[in-house]
Structure formats: structure tokens, C-alpha cells
Amino acid sequence: MTPIARYLGKRAAHAAWLPAHGHDQPDGLAGAVVIPALAEHDRLFDTLRDLACCGPALLARTLVLCVINNRAPGIARDTDIADNQRTLRALPDFAAAHPELRLAWIDAASPGRELGPREGVGLARKIGLDAALERLHAAGQPKAPLICLDADTRVDANYLEALYAFFEAGPRWGVAVAYAHPVVGAPETARPILSYELYLRYQELAWGYAGSPYAYPAIGSAMACTARAYAASGGMNRRQAGEDFYFLQQLAKTGEIGRIWETTVRPSGRPSHRVPFGTGRKVGAFAADPDDAYRTYHPETFQVLQAWLESAPGALAEPGARLLERAARISPELARFLAAQGLEAAWDNILRQGGGMEQRTRQFHQWFDAFRTLKLVHHLRDHGFPRQDLFEAIGRVAQWRGIGLPVVPCAAMRDDLDGQRALIGQLRAWRP
């Protein structure tokens with residue numbers, strides 16, 4: 001039995017929501033785009049029209065699968081449920097008007113088909129990805145891409161071309177696609193999304209400076225993997241939010257996350273109530289506390305992280321107690337955090353399992369994963385490395401990474417929208 005067949009037999013979650021509607025047959029299938037949609041009637045069809053511009057040859061190979069989802073009445077908003085029903089009524093006509101799309105949809109919104117009371121976008125993605133995986137498996141396409149997109153995200157006409165070019169260029173596992181939030185409209189509209197994307201790009205710069213293998217943007221509408229990688233990494237999780245962070249972490253633990261720069265996805269920068277954190281929540285929270293949005297992790301946090309990631313691989317043959325001694329020489333707070341996380345016992349257990357240095361290095365990064373890295377960053381924030389001005393932090397890390405910025409970012413840039421737009425343009429153009 002193949003890993004995909006085992007996954008479908010034991011871990012897939014889509015069966016309760018079948019059948020899908022529309023064109024979901026596996027004949028000639030070589031890839032799939034999965035789009036969860038909650039109250040997106042006004043935006044989903046723009047995204048589908050973007051995909052319809054991607055060229056007939058690629059569209060003929062690509063399943064576009066939407067998962068219209070909400071929770072039961074009393075938990076979901078009545079307006080969201082009504083919006084989803086409008087979408088479900090409109091999809092057959094849209095599919096008939098766009099035969100170039102292999103468009104299918106799953107109803108996870110109507111009475112008796114809703115998501116559970118504690119479930120949300122993670123399960124919606126999982127239903128779609130599991131259903132698409134089943135069809136790619138039936139088509140005999142284990143290397144085919146499973147592509148995640150959101151219903152409020154716009155894509156370029158070369159979107160599918162760039163994705164297929166990446167996955168067909170050689171052995172591939174997962175990928176993060178270039179992204180850019182639309183920065184348009186009045187200042188009160190532009191400021192929140194500018195601050196949020198600058199925060200995201202600072203995070204990626206800083207984690208990359210530290211040498212973390214988890215230095216990629218964790219954006220659900222900008223990630224993809226092969227069918228084989230999806231199954232091997234355990235598939236999508238069912239979280240209400242942050243599902244992209246944990247899914248990419250599992251992909252990075254089992255293979256390599258590449259990058260696509262030849263096309264750009266444009267996630268919406270609107271406020272949203274639909275997830276407990278993420279873009280929509282961050283943008284919505286800006287008005288309540290803009291000062292908080294302009295503060296971020298201390299840059300020296302990532303000097304501690306860099307020293308730890310550089311030091312640890314050279315000592316992976318040593319017992320856990322020695323690793324903790326090395327950590328203490330870098331930072332007492334680093335050592336306290338690692339001790340509280342159980343490094344000594346965890347590492348001694350890994351040593352008892354044997355294996356060469358390459359295997360130990362892989363096991364080290366599996367133990368000190370993206371979530372544990374983020375917990376360390378938060379620990380240092382609370383113990384001696386207080387948050388700093390976002391623009392000054394970007395300036396320091398950009399200097400460490402050798403990024404030549406025409407103007408050194410400083411706190412005064414909070415009131416300079418043109419300067420912020422120029423800065424984000426420079427960071428978008430930079431390549432690791």
C-alpha cells in the first residue's frame with residue numbers, strides 16, 4: 001500500500017461531505033487548487049475568474065475545488081449562512097458559464113452538512129485537500145501539486161504556469177508562493193495592512209538571519225505541496241486558525257520548502273471576524289491600538305537564536321546536559337527556556353536511538369521546530385528582550401542581512417505612508 005493510500009484509508013476526513021458537485025472526475029488530472037469559502041459570495045467569483053485566465057491547457061489538467069463551509073445556526077452568523085447559500089445557488093451557473101474551469105464544490109454549509117462547533121478553516125481546507133488527494137491518487141499522480149488558495153485572494157494570469165513549472169522542474173516537496181497584500185485606498189485603510197505585512201516580512205527576515213529552517217511566510221493562500229508530501233506529512237490539521245503555520249511546519253519536517261517568485265498571490269487585507277487570529281484579526285485590531293501594531297520582537301532575540309542554531313549542531317554527539325551548558329553561555333534565559341522544555345531528557349533519548357550526524361541534525365530541528373522557536377521568541381520577549389519599534393527592528397535586521405535600503409527605517413516612519421510603501425516594495429523585491 002502506498003503512503004497516499006494509507007493516508008486516505010486512515011486520516012482523510014472528506015467522506016462525510018461527499019459527493020462533490022460539478023466536474024471532479026480524475027481523468028487527465030495533474031493538479032488541484034483547493035479554496036475554502038466562508039461568506040465569500042462577493043469575492044470568490046473574482047478569484048475563480050482570475051483562475052479562468054490561466055490558460056486552457058493548464059486548466060484542463062487542474063481541478064478547482066471550493067469548500068463552502070460554516071458551522072451550525074446559533075454558532076455561525078446568520079448573515080454568513082445566508083451568504084453561503086447564495087454562493088451554493090450561484091456556483092452551477094458560474095460553472096456552466098466557465099466550462100474552461102474544472103470547477104467542483106463541496107457543500108459543508110447546508111443543514112446537516114455543517115462543520116462542528118469547534119471547527120473552522122483548518123477542517124474546511126482538509127476536506128478539500130483530502131478530496132483532491134483522492135482524485136489525484138485515482139489519476140496516478142503522486143507528484144502532482146495540491147495548491148492552497150483563499151476565496152478572497154487574487155492571482156496573476158501566470159499563477160498555474162509558475163506553480164506547474166516549479167513542481168515539474170525536479171524532485172519537489174512543498175513551496176511558499178510570493179505574496180503581496182493590496183495596499184490601496186485611504187490612509188486609514190492602508191496603514192493596518194502595511195503594518196501587518198511589514199511585521200510578516202520582518203519575521204521572515206529575522207528567522208532567516210538566525211538560520212532557522214522554518215524561515216518562510218506561513219500564509220494559507222500562498223502554499224502548495226505534492227500529493228505525496230501531503231500524505232507523508234500527515235495532511236492538513238483541523239485548527240480554527242494557524243492551520244497554515246502547523247501544516248508548513250510538518251512539511252518542513254519531512255522535506256524541503258521551496259519558493260516561487262515568478263508569480264504573486266494577493267491576499268485580501270480587509271478586517272475579518274472569521275478566525276481568532278491572522279491577517280483579518282490583525283487588520284481589525286489596528287484601529288483599537290495602532291501603537292501595538294508598530295511594535296515587534298527585539299532584534300537581539302534573533303541574535304540569541306542564531307547563536308543557538310549555530311552552536312547546537314556542533315554538539316549533537318554530546319549529552320543533553322552539555323547542550324544546556326552551551327545554551328547558558330549564549331544566554332541564561334535561553335538555557336532556562338530549553339530546560340523548561342525538557343531538552344536534556346529529549347536529547348538523551350535521541351542519542352540512545354543512535355544514528356549519524358545528519359540524522360541527529362534532522363532530529364534536532366524536528367524537536368526545536370517552528371512552534372518551539374516561536375515559544376522561545378515569546379519567552380525572550382518576556383524576559384529581557386522587550387518589544388521594539390517595528391521600523392527600527394526592520395532596519396537592524398536588514399543591515400545584518402546585507403540588504404541595502406536607501407533610507408534607514410526609523411520610528412518616524414509611522415506617519416510616513418509613502419516611506420512605508422517604498423520600504424515594503426524594497427522588501428518584496430529582496431530574495432534570500
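The largest nonpolar core of this predicted model has 143 residues, and among them Leu48 and Trp308 touch the most other members. Helix α7 (residues 187-210) supplies the largest share of this core, with 13 residues. Beyond the core, there is a nine-stranded open sheet to look at, along with a cis peptide bond before Pro19 and a set of cysteines that form zero disulfides.

**Around Leu48**
- Setting aside neighbours within four places in sequence, Leu48 contacts three aliphatic or sulfur-bearing partners listed here by name: Ile35, Val64 and Cys66 are among them.
- The contacts of Leu48 also include Leu91, Phe94, Leu101 and Leu103.

**The sheet and its helices**
- Follow the open sheet across and you meet its nine strands in the order β1-β4-β3-β2-β5-β8-β7-β9-β6, with mixed pairing.
- Strands β1 and β6 (154-155) form the edges, each pairing on one side only.
- At the β6 edge, the partner is β9 (residues 257-266), joined in the antiparallel sense over two bridges.
- Within β9, Val265 is the residue that stands opposite Val155.
- Helix α6 (residues 159-167) packs on the sheet and touches β2, β3 (62-69), β5 (145-148), β6, β7 (174-179), β8 (223-226) and β9.
- The direction of α6 makes about 175° with that of β9.
- Helix α9 (residues 243-254) also packs on the sheet, where it touches β8 and β9; its direction makes about 35° with that of β8.

**Backbone points worth a look**
- Most residues other than glycine have a negative phi, and most peptide bonds are trans.
- Between Leu18 and Pro19 the peptide bond is cis, with omega near 5°.
- Pro19 lies in the loop between α1 (3-10) and β1 (21-22).
- Ala39 has a positive phi, near 55°, although it is not glycine.
- You will find Ala39 in the loop that runs between β2 (31-37) and α2 (41-52).
- Ala39 counts as buried because its relative accessible area, 14%, falls under the 20% cut-off.

**Cysteines without disulfides**
- The structure holds zero disulfides.
- For Cys53, the nearest cysteine sulfur belongs to Cys54 and is 7.2 Å away, so it lies outside the 2.5 Å limit for a disulfide.
- Cys53 is exposed, with a relative accessible area of 55%.
- Cys148 is likewise in no disulfide, and the nearest cysteine sulfur, that of Cys225, is 6.8 Å away.
- Cys148 is buried, at 3% relative accessibility.

Technical notes: Residues numbered from 1 in each chain as written. Predicted model: local features only at pLDDT ≥ 70, side-chain atom pairs only at ≥ 80, totals over all residues. Heavy atoms only, no water. Helix = DSSP H or I, 4+ residues; strand = E, 2+ residues; numbered from the N terminus. Buried < 20%, exposed > 50% of the residue type's maximum accessible area, 1.4 Å probe, protein only. Pairing = 2+ DSSP bridges. Contact = heavy atoms within 4.5 Å. Axes fitted to C-alpha atoms, helices over the stretch in contact; angles between N-to-C directions. Core = buried A, V, L, I, M, F, W, Y, C linked by side-chain atoms within 4.5 Å.
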